[in-house]
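Hi,

Here is the model I promised to pass on. Have a look at it first, and then read my notes below.

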Amino acid sequence: MPTTAFLTDSTLCIGCKACEVACKEWNQVPSDGFAWSGLSYDNTTGLGHSTWRHVKFVEMTTAFGVGGNSGDQVSWGFSSDVCKHCEVAGCLEACPTGSIVRTEFGGVFVQPDVCNGCGYCVVGCPFGVIDRRPDDGRAFKCTFCYDRQRAGMQPACAAACPTESILFGEIDDLRKRAGDRVAELHARGLDDAAVYDPRETSVGGTHALFIIRGDARAYNLPPNPEVPTVYLRDAWTAAAATAAMLIAGTLAAFAGGRRRLEGRSHEA
Amino acid sequence: MRPDAVPHASGETGYYGLPLLKKPVWTWEVPLYFFVGGAAGAASIIAATAEWTDADVTLVRDAEWIAAAGGAVSAALLTADLGRPERFLNMLRVFKPQSAMSVGSWTLTAFSSTSSASAFAAAMDRRLGGSAPVRLVHDVAAPAAALLGTVMSTYTGVLVGATAIPVWNRNVRLLPAHFGASGLASAVAILEWLGHEDAALQRLGIAAAAIETATGAIIELRGRDTTEAMAPLREGVSGALTRTGGILSGPVPLICRALGERHRSFRRVAGLSALAGALITRLAWIAAGRASAADPAVSLALPAVERQPSNADTCRS
């Protein structure tokens, strides 16, 4: 089976939200309500249990001349966000039931018939993607259209994208295409274009690559995501030291006073 | 750049200051479970140690029942917190050392089994006036429960520490000792309120209060140079809870126990204070985790100075 990925190119995105709609329809994801955020055209505001594709409307003031910007204008970038399907996935590591698995395509999949809603994956995700649906009790996120991939189809969002901003394919091929695309953008003067693919961090790279412009943080993409298992060594060392202290301390407290207390009576 | 009339996205403010991380979904059951499980684990250590050093038999008996009851209540609380409580047994489908939730679920299952086996076997042994097979069950279960009790009292620190939540993972080395010490203080307090006045309990109470005082001091001092990550422990509702819990589980019982050498009633006050402190502290850590997740400053590595007020309130429910 090929290892697949998304390449989401924000320089091609027109903010139509067809990916959000296609995802909702194919996966039968419930409504996430109507709320006016006041933040550009983004009233969805983030990925969640009922939003698996999310179009960000990134209004930035950019430096004069960068990519043809006149310094007094707002740069309006669009970018369709999705579960990163990490190479080392915090949610998958945290899941105590084995509900969250890695598929043969390399994606991270939550088996809804196994999840018991413990909520530990929610605090395990460094990208704030997975969440527990309150009225259902289980955790949900992007399935990478596992069912469609099994049937040899591309994910619904990629199929619906009218500008090929969302590309789906073999991961090594997409990594190469991302590099080529950024080089092309640089040649055209968009010298702030870059690929977001945190391979140097403990996450070890993702199966959802992004081409963005400017600072990744403006897109709510963390520069240094960490998979929480990196904290385990320190945590269990501290726990083991505490456990030893509890036993030694209790032994000392009882053994130390044993002679003095012998024969002493107690209230019932 | 001109002043912003409307919110903008940038490398300084992130994506309109919206949170990057999801808030912990845990409600009151989980901090209460941390509290009950911590006390039960420590009680099983006290029971095994007291028995091994030939301490008062009623102290051993009561400590064993505290551990057994605490184990049962812990299992109920952890199950109640699940989004699908009827699927608790799915926790036992697999064992994953890299998941503290998996290790904890197995530990809780083994602990509640061994601690209740130990307590019931001891009771049957007394009722039967001595029975070798029953005694064997007790003699195997009691030390097993004590060893598992050390995990029960400390693993919850690993559970919250090894997560993506900044205020939790920045304190990953502190949390196991913090939870272990307050669990021990809680078990001591319950035993004292049941009428036990063994001097060993007083010593354990002093040690636990001293560790908790040190923990509180470390939280206050570390907050000065790593303000962004530690802010939830110092500001807002979670900050107030952290400080209240810290004072009640550290300095107050320490002073009361020092006075308790002469006046017994002060030991009771110290115990009550430590119990309240242990519970409030655990509620505080969960509240701090929620506040920490709502603030993108640390998770997104935003520069501290130019940070705008968070737009977390405008986020959809």
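Before the interface, one cut-off: two residues are in contact here if their C-beta atoms, placed from the backbone, lie within 7 Å. Also keep in mind that this is a predicted model.

**Where the chains meet**

The contact draws 71 residues from chain A and 79 residues from chain B. On the chain B side, five helices each supply at least two residues: H1 (29-52), H3 (100-128), H4 (132-161), H6 (175-193) and H7 (199-225). H4(B) gives the largest share of that side, with eight residues. By residue type, the side of chain B that touches chain A splits into 40 nonpolar, 26 polar and 13 charged.

**Chain B**

Chain B has twelve helices and zero strands, so to speak of its element order is quick: from the N terminus on, it reads α-α-α-α-α-α-α-α-α-α-α-α. Its C-alpha trace spans about 85 × 50 × 25 Å along the principal axes. Of its 317 residues, 59% count as buried. If you take the contacts in chain B with a separation of 6 or more, 76% of them are between residues 24 or more positions apart.

One of the helices that touch chain A, H3(B), has 29 residues. From its first C-alpha to its last, H3(B) reaches 41 Å, close to the 42 Å expected at 1.5 Å a residue. B:Gly129 follows H3(B) and has a positive phi, near 70 degrees.

Two residues of chain B are worth clicking on. B:Trp65 sits in helix H2 (residues 57-81) of chain B. Is B:Trp65 buried or exposed? The cut-off for buried is 20 or more other C-beta atoms within 10 Å, and B:Trp65 has 20, so it counts as buried. The C-alpha atom of B:Trp65 is 11 Å from that of B:Leu191, and the two residues are 126 apart along the chain.

The other one is B:Glu261, in the loop between helix H10 (251-260) and helix H11 (264-294) of chain B. Exposed means 12 or fewer such neighbours; B:Glu261 has 12 C-beta neighbours inside 10 Å, so it counts as exposed. Its C-alpha atom and that of B:Ala144 are separated by 34 Å, with the two positions 117 residues apart along the chain counted as their separation.

**Chain A: domains and the C-terminal helix**

Chain A is divided into domain 1 (4-230) and domain 2 (231-261). The centres of these two domains of chain A, taken over C-alpha atoms, are separated by 46 Å.

Helix H6 (residues 232-256) of chain A is 25 residues in length. At 1.5 Å a residue, H6(A) should span 36 Å, and its end C-alpha atoms are 35 Å apart, which agrees. The buried residues in H6(A) include A:Trp236, A:Leu246 and A:Phe254, along with A:Ala235, A:Ala239, A:Thr242 and A:Gly249.

**Chain A: strands and helix H1**

Four strands of chain A form an open sheet with mixed pairing, in the order E8-E1-E10-E9. Which strands stand at the edges? They are E8 (166-170) and E9 (193-196) of chain A, each with a single partner strand, so one side of each is left without a neighbour in the sheet. On average, neighbouring strands of this sheet are turned by 20 degrees against each other, direction ignored. Inside the sheet, strand E1 (residues 4-9) and strand E10 (residues 208-213) of chain A run parallel and are joined by four bridges. A:Leu7 has A:Leu209 in E10(A) as its bridge partner.

E2(A) and E3(A) make an antiparallel pair over nine bridges. Here A:Phe57 has A:Phe78 in E3(A) as its bridge partner. Seven of the nine residues of E3(A) are buried, so E3(A) is largely enclosed by the rest of the structure.

Helix H1 (residues 18-27) of chain A has these buried residues: A:Ala18, A:Cys19, A:Glu20, A:Ala22, A:Cys23 and A:Lys24. Among the elements that cover them are strand E2 (53-61), strand E3 (74-82), helix H4 (156-160) and E8 of chain A. Just after H1(A), A:Gln28 takes a positive phi of about 50 degrees.

Cheers

How values were computed: Residues numbered from 1 in each chain as written. Chains lettered and ligands numbered in written order. Predicted model: local features only at pLDDT ≥ 70, side-chain atom pairs only at ≥ 80, totals over all residues. Nonpolar A, V, L, I, M, F, W, Y, C, P; charged D, E, K, R; others polar. Domains from an automatic or database assignment. Pairing = 2+ DSSP bridges. Axes fitted to C-alpha atoms, helices over the stretch in contact; angles between N-to-C directions. Expected span 1.5 Å × (residues − 1).
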